Amino acid sequence: MNVITVPSSLDDQSFEQVLEQLAPLPADARILIDARNTTWASPYGLTALLTLAQTRAEKPQFMPPVKDDTSSYWSRANFFRYAEDLFEIVGSVPFQRPERDSRTLLEITPVSRSDDVHTVVERIQAKAAHILTENLHLESRAVMGFAMALSEACQNIVEHAGRGGWVAVQNYNYRKRMGRHVVQIAVCDAGVGIRQSLESGNRRPLTDRWDDGVALESAVIQGTSRFPDHGRGQGFKGIRGYLRKWKGKLAVRSGTARVADVPPWDDDVVRRDHLAPMPGTQLFIMIPEEVDR
């Protein structure tokens, strides 16, 4: 059995440690995901764990966090609801009680059809309006753009992934880096990924440089779509435009590369290549509290 240790704090950056441990192993290797010492996980971390399980030929084992408050939160976020089908759980998980607070905007939700996207956006709009204006102190017109960004991010799964994915949206106090409230959207799938999606539509640019990083830049930054129709490929452009207006961040990981639209408050790098491979596409969106009002 190969033991994959989950970091104590699991987010879009530290999830790379999980992928690096997996990289030398074949897809059918027996693995145990050990999250016993994990004390915090972002929406990206939780949805990426579910996505990882979907990529394995052999059903992986999973050891939940030992801290009761961590394990209870994962349960409230719907993680175990889906993990119990994708993993062989080693140990017990807390009983999922009805959610009582409003910190979680949208628990982990599967997305595979256009109807799922409409349901997600409809469920979240009322709560998002309150969070964006009251917690993040954004103007009311930010609400409509938020719904658009969420819808576009989820629609990518339906149109390009070739299989279902996951979305989660949460508001929390990001004390670690910013000391203010943020809303994070995580959209993860284990589908074909952006490079293969562009290749399937014969949309590969005429260049000798062609890898996951170039494909990501082409789709995310230049708006290239696998569909040749005029006007397609505007999804990422619309998300980036919205996030720049509200000083938000977008990072997209696919295959062995990651590109990010980095706002002034962050020190992330714009592009990373030669990362440990991860099937599909994973989106990270963060919208911070407005402090210069």
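The exercises below, each with a worked solution, concern the predicted model shown above.

Residues are numbered from 1 along each chain as its sequence is written, and side-chain values use heavy atoms, with hydrogens and water left out. Local features need pLDDT of at least 70 and side-chain atom pairs count only at pLDDT 80 or more, while totals for chains, interfaces and linings use all residues.

**Exercise 1.** State the strand order of the open sheet of 4 strands, and find which strands stand at its edges.

*Solution.* Strands are DSSP runs of E with at least two residues, and helices are runs of H or I with at least four, both numbered from the N terminus. Two strands pair if DSSP finds at least two bridges between them.
- Step 1: the order is β1-β3-β5-β6, and the pairing is parallel.
- Step 2: β1 (2-5) and β6 (88-89) each have a single partner strand, so one side of each has no neighbour in the sheet.
- Step 3: β5 (residues 61-63) is joined to β6 by 2 bridges, and phenylalanine 62 stands opposite isoleucine 89 in β6.

**Exercise 2.** Describe the surroundings of threonine 51 and state whether this residue is buried or exposed.

*Solution.* Buried means under 20% relative accessible area, exposed over 50%, and partly exposed in between (1.4 Å probe, protein chains only).
- Step 1: threonine 51 belongs to helix α2 (residues 43-54).
- Step 2: its relative accessible area is 0%, so threonine 51 is buried.
- Step 3: a polar atom of the threonine 51 side chain lies 2.9 Å from the backbone oxygen of threonine 47.
- Step 4: leaving aside neighbours within four places in sequence, threonine 51 is in contact (heavy atoms within 4.5 Å) with Trp166, Cys188, Asp189, Ala190, Met278 and Gln282.

**Exercise 3.** Identify the strands that pair with β13 by 7 bridges, and give a facing residue pair for each.

*Solution.*
- Step 1: β13 (residues 278-288) has 10 of its 11 residues buried.
- Step 2: β9 (residues 180-189) pairs with β13 in the antiparallel sense over 7 bridges; isoleucine 185 stands opposite isoleucine 285.
- Step 3: β10 (residues 249-255) also runs antiparallel to β13, joined by 7 bridges; valine 252 stands opposite leucine 283.

**Exercise 4.** Determine which element gives the largest share of the largest nonpolar core.

*Solution.* A nonpolar core is a set of buried Ala, Val, Leu, Ile, Met, Phe, Trp, Tyr and Cys residues joined through side-chain atoms within 4.5 Å.
- Step 1: the largest core has 47 residues; Phe146, Leu150 and Val252 are among those touching the most other members.
- Step 2: α6 supplies the largest share, 10 residues.
- Step 3: apart from this core lies another, of 42 residues, including Val6 and Trp74.

Terms used:
A polar contact is a pair of N or O atoms within 3.5 Å; within protein, one must be able to donate a hydrogen and the other to accept it, and residues adjacent in sequence count only if both atoms are side-chain atoms.
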